[in-house]
Amino acid sequence: MNIIEDLQWRGAINQQTDAAGLAETINEHPIALYCGVDPTGDSMHIGHLIPFMIMERFARAGHHPYIVIGGATGSIGDPSGRKTERQLQTKEQVQKNVAALTAQMEKLFGNAPNTHIVNNYDWTKNMTLLDFLRDYGKLFNINTMLNKEVVASRLSQGISFTEFTYQILQAYDFFHLHEKYDVQLEIGGADQWGNITAGIDLIHKLRGLDTKVYGLTIPLMLKSDGTKFGKSAGGAVWLDPTKTSPYEFYQFWFNQDDRDVVKYLKYFTFLDQAEIDKLTEQVKNEPWKRAAQRRLAEEVTKFVHGPEAVENAERIAKLLFTGNVQELSTEEVGQAFNNVPTTEITAGPHNVIDLLLEMGVDSSKRQAREDVQNGAVTVNGTKVTDVDATIDPTANFDGQYVIVRRGKKKHFLARVTK
């Protein structure tokens, strides 16, 4: 199975500009290809990861990926997928985000064979406005640009000249990379089709229609219920561990629906067809074991955060399941309870009933007393059944946290103030 056949089996191809030509070129020799990401923030989320996982597959198959950080295009703003103008960032913020994304890419893909990370600001910063208009703007037909879906969808609301010219800048990226590194393929999301074909058209105008360059997009990923992939209860699932902890990251994948897990195994892991087929059977025949979800969580967490993060996430999950939260380290508490209801309490001793009300565990003293007397309350892993019990908030977790569990699953966290 070659790389294109593998991608087709994984359901990872949406559109291709010349499927037969690309397949023939890839069969003849390794190719250089690229995908870009604009520095709209200081971290990618898991939705950004999809095309770069495909780039990694090409790298493992012997091809030469170029990851383009959009220091230039990110200063303009991509109108793709947006109904309104993007708020321009300051140059300082763009540069800060460029540095953060570059470090993230180097961590994820820097050790991949034949992979290169470049910044499109480097080949646009010295271009003058007259150069841009004479050498490249002249080659773009306004009618053609207006018919691109990314522009046409914005005409009723309006689009600035700045965002209108975005596709020219992205097209120039493809041309530059083709000239300097013999890049023949651009990969992007489904919303990038117009920008990708603009690059191919530019290369054909400058270097001839027989120039072998191609475009490939990935499908828009939706969950089985039709909602957008990549969100959790706390918002976007980030690759930065300070935004989404490795434990939360692991749990996001582990909690995937049976209807989605096989699709995600194909997209986000490098497991082969035989192993994924085996996991597919387990989903059908033994769904309660969640073997596919566990494998998915292990593989993606290991790829993004490393094997130690997988071990830590599984350890945290086990301690939470058994109720042995007192064995968690202070750092692990921060990871595990990042998105649970959180309050601040003082460091002095608290009556357990007052503590439950202060932390929002219960809404009345009557309910709090019932929960305590019924054995439904544990504080820092210890069951409390005496309504007159006094809790020392500084007794565990370096005096920083108090964890309350009501029932089997409902957790509450308090941060202790000095």
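The exercises below work through the nonpolar cores and some of the charged pairs of a predicted model.

**Exercise 1.** Find which residues touch the most other members of the largest nonpolar core, and which helix gives this core its largest share.

*Solution.* Begin with the core itself, which holds 73 residues, and in which Phe58, Trp253 and Phe268 touch the most other members. The largest share of this core, eight residues, is supplied by helix α3 (residues 46–60). Next, take Trp253 and set aside its neighbours within four places in sequence; its contacts then include Ile46, Phe229, Phe268 and Leu296, along with Gln293 and Thr301. Finally, note that another core of 27 residues lies apart from the largest one, with Val68, Tyr136, Ala171 and Tyr172 among its members.

**Exercise 2.** Determine whether Asp6 and Arg10, which form a salt bridge, are buried or exposed.

*Solution.* The closest N and O atoms of the pair are 3.0 Å apart. Buried means under 20% relative accessible area; Asp6, at 16%, is therefore buried, and Arg10, at 6%, is therefore buried as well.

**Exercise 3.** Locate the salt bridge between Glu275 and Arg295 in the chain, and name the network to which these residues belong.

*Solution.* The closest N and O atoms of Glu275 and Arg295 are 2.9 Å apart. Glu275 sits in helix α14 (residues 273–285) and Arg295 in helix α15, 20 residues apart, so that the pair links distant parts of the chain. Glu275 is partly exposed at 29%, and Arg295 is partly exposed at 22%. Through shared partners, salt bridges join Glu275, Arg295, Glu298, Glu299 and Lys302 into one network. Within it, Glu299 counts as buried at 15% relative accessibility.

Conventions:
Residues are numbered from 1 along each chain as its sequence is written. This is a predicted model: local features need pLDDT of at least 70, side-chain atom pairs count only at pLDDT 80 or more; totals for chains, interfaces and linings use all residues. Side-chain values use heavy atoms; hydrogens and water are left out. A nonpolar core is a set of buried Ala, Val, Leu, Ile, Met, Phe, Trp, Tyr and Cys residues joined through side-chain atoms within 4.5 Å. Buried means under 20% relative accessible area, exposed over 50%, partly exposed in between (1.4 Å probe, protein chains only). Helices (H or I, at least four residues) and strands (E, at least two) are DSSP runs, numbered from the N terminus. Contact means heavy atoms within 4.5 Å. A salt bridge is a side-chain nitrogen of Lys or Arg within 4 Å of a carboxyl oxygen of Asp or Glu.
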